[in-house]
Amino acid sequence: MVSSQIEVKISEVSSSPPQVTALHSSTPLVSPTSIDLSPEEYDKMKDCVVKDNSEEASSSLTSTPTMTTHAKNAIKIPKTQFEGVIGTALFQTLGPILQKQQMKKSKLIEKQVYLPKSNYTMHYLEREPVFDIPKEKTMMSCINIDYRDQQPTIILFHGVGQKAVDFAAFVNKLDIPSNIRILIPEQAGHGKDVDRARVEGNEYEQPTHQSMLSTTSEWLDEVHASNNCNAFGISMGGGVAYYIHHHRPDKIQRAVLVSPAIPCCVDKKLISGLRDGTNNFFCFESRQDVKLLMRDLSTGRNDDKRKKKDPIPKFFNEAVYRMHKKNSPQGHYKGLLMNILPTEEGGEQGNVFTATSDIHSDATRLIIWPEKDQIINYEQGKAFFKETATSDEENKTEFETIPDCGHVWHADGRIITDLIQARTRGYLLDSYLFAFIICTTSCTARSF
C-alpha cells in the first residue's frame, strides 16, 4: 500500500473568511460560497431590521419613528434573534441564487428513476456527455458501436446530511471533460427524499447500510451506467463508494475515498456520544450544538491552537439551527443516524458491514484521510486499510493523508474539497486518457 501526504502550503492561505458549506449539514441553505460582511454592511443590515421592527411596532402611530427609536429597538433585540433573522435572510436569498448559478455552470440536470426491485424512486443529477462530432460525420456513424458499455462515467457519492446539488460547485472545480458522463445519486433520507419522510411521518422507513447498497446497485442498472465508471465518495458517500466498488466491480473500475464512513472506522467517542445523548452531531437541539459540530468538523472542539477556531462565523449558528428545524421533520436525522450507526463488530458472519478489516484489498483506489478527523477516525482507518501487498502483485491501494486537517475543514479554515481537488481530478481521469475514442472513420450504425 502506497502511503503519502497531501502537501498543504500555508502560504496559499487567503485572508478571506472560510467557506460556509453544506457538507454534512442538514440544512440545504448553507451555501458553498463564502459570505463576507464588512462592519459597515453588518450595521446597515442591522439598521434595516431595526427599522422594519420599529415600523411594525408603531404602525398605529401617525409620526415616523426617529433615529432614537431605532437605537432603542436595536438594544432591545436579543443577539440570537438578530443573528437568526439576518442569517436566515441571507441563506434564503443568497443561498438559492448561488446554488442556481453553480448548477447552471455544471450543466447537471435533476432527474429521478423508479427502482422496481426496491420499490423506490431515486433522485439523482446527471450531466450527459457531449461529443465533438466532425461536421461531415453523423452521430450514428462516429460513435463506437459499443459506446454504451465504454462510456466513461464519474459517479459522486455525497456525505451524510448532504444533497446531490451540494456537489455542483465541486464538479465545476474538477473541470471534468465534456465527453465524460457525470452521475450523482441522492441517498434515501437525504435531499428530496426528506419530503417523502415528512409526508409519511411515522410510516417512513429510514435507510440502512444494506438498503443504500441495494438501491444504489439497482440504480446503476436503471440509469444504464457503463462498465467504465470511476467513483468518488466522501464520509458516508465514501462508505457507499467502498461497498458498491466491492459489490459491483463490473461497473466501478477505480475509486477515490475520502474519510470513508466504513462502520468500524467511525470514531468511537462520536458513537458513544450519539448513543448517550452527549453529542447531537448534526441533530441540532440548540445553537450550541451547531457551534460544536462546526468545530468537530474542523480539528476538534478541544483544539484551541488552530488558526480558525470556528470555521464559519458564529454569526450564522443561530440561522443554521433555525433552518434545520424548519426544513427537516422532527427527529428525522436522529433516526437516520441511529439506523446507520455501526452494529456489533463481527456479530453476523458474512455481513460486510461488520467487517473489521478490508474486504476489497485488490481494488484500484485512492484513499485520502485527514489526520485530525474527529468523525471518521484516522487511526481506525489506517488499521482497517492495512498493507496487503503480495510479493508477486503490486498493491493497487494508495493511502494519502492531510496533516492538520479535520473531517471538513483544515485548521487554517480551508475546506477539504479544495485541498483534494487536484489529486482527485488526476486520479479519476487517469484511466480515461485512452478509454473512450470517438471514431474518425465510419462505424457500423447500431440503434441506441
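Buried means under 20% relative accessible area, exposed means over 50%, and partly exposed lies in between (1.4 Å probe, protein chains only). The model here is predicted, so local features need pLDDT of at least 70 and side-chain atom pairs count only at pLDDT 80 or more, while totals for chains, interfaces and linings use all residues. Residues are numbered from 1 along each chain as its sequence is written, and side-chain values use heavy atoms, with hydrogens and water left out.

**Exercise 1. Decide whether Cys283 is buried or exposed.**

Step 1: Take the relative accessibility of Cys283, which is 8%.
Step 2: Set that value beside the cut-off: Cys283 counts as buried.
Step 3: Now try the whole protein, where buried residues make up 52% of the 448 residues.

**Exercise 2. Find out how many disulfides the structure has.**

Step 1: Recall that a disulfide is a pair of cysteine sulfur atoms within 2.5 Å.
Step 2: Searching the whole structure gives 0 disulfides.
Step 3: Check Cys265 as an example: its nearest cysteine sulfur belongs to Cys264 and is 4.2 Å away, and Cys265 is in no disulfide.
Step 4: Note the setting too, since Cys265 is buried at a relative accessible area of 0%.

**Exercise 3. Explain why the buried residues of helix H13 line one face.**

Step 1: Helices (H or I, at least four residues) and strands (E, at least two) are DSSP runs, numbered from the N terminus. The protein has 15 helices and 9 strands.
Step 2: H13 covers residues 332-340, and its buried residues are His332, Tyr333, Leu336, Leu337 and Ile340.
Step 3: Look down the axis of H13: these buried residues fall within an arc of 125°, so they line one face of the helix. The arc is that of the directions from the helix axis to the C-beta atoms.
Step 4: Here is the general background: an α-helix has 3.6 residues a turn, so residues three or four places apart point the same way.
Step 5: Ask what covers this face; among the elements over the buried residues of H13 are H7 (193-200), H8 (209-222) and H9 (236-247).

**Exercise 4. Describe the largest cavity and name the helix that gives the most to its lining.**

Step 1: On a 1 Å grid over the protein atoms alone, a cavity is a set of points where a 1.4 Å probe fits but cannot get out, and lining residues have an atom within 4 Å of a point. Grid points are joined across faces, edges and corners, and a volume is the space filled by probe spheres set on the points.
Step 2: There are 2 cavities of 30 Å³ or more, and the largest holds about 320 Å³ of space.
Step 3: Its lining has 25 residues, with His209, Met236, Ala261, Val266 and Ile340 nearest the centre.
Step 4: H8, H9, H10 and H13 each supply at least two lining residues, and H9 gives the most, with 5.

**Exercise 5. Place Glu400 and list what it touches.**

Step 1: Glu400 lies in strand S9 (residues 397-402).
Step 2: With 7% relative accessibility, Glu400 counts as buried.
Step 3: Contact means heavy atoms within 4.5 Å. Leaving out residues up to four places away in sequence, Glu400 touches Ser4, Ile6, Leu366, Ile367, Ile368, Trp369 and Arg423.
Step 4: Consider one partner: Trp369 is 31 residues from Glu400 in sequence, yet their C-alpha atoms are 6.4 Å apart in space.

Note on methods
1 Å grid on protein atoms, 1.4 Å probe; cavity = no way out; pocket = protein on both sides within 12 Å on 5 of 7 lines; lining within 4 Å.
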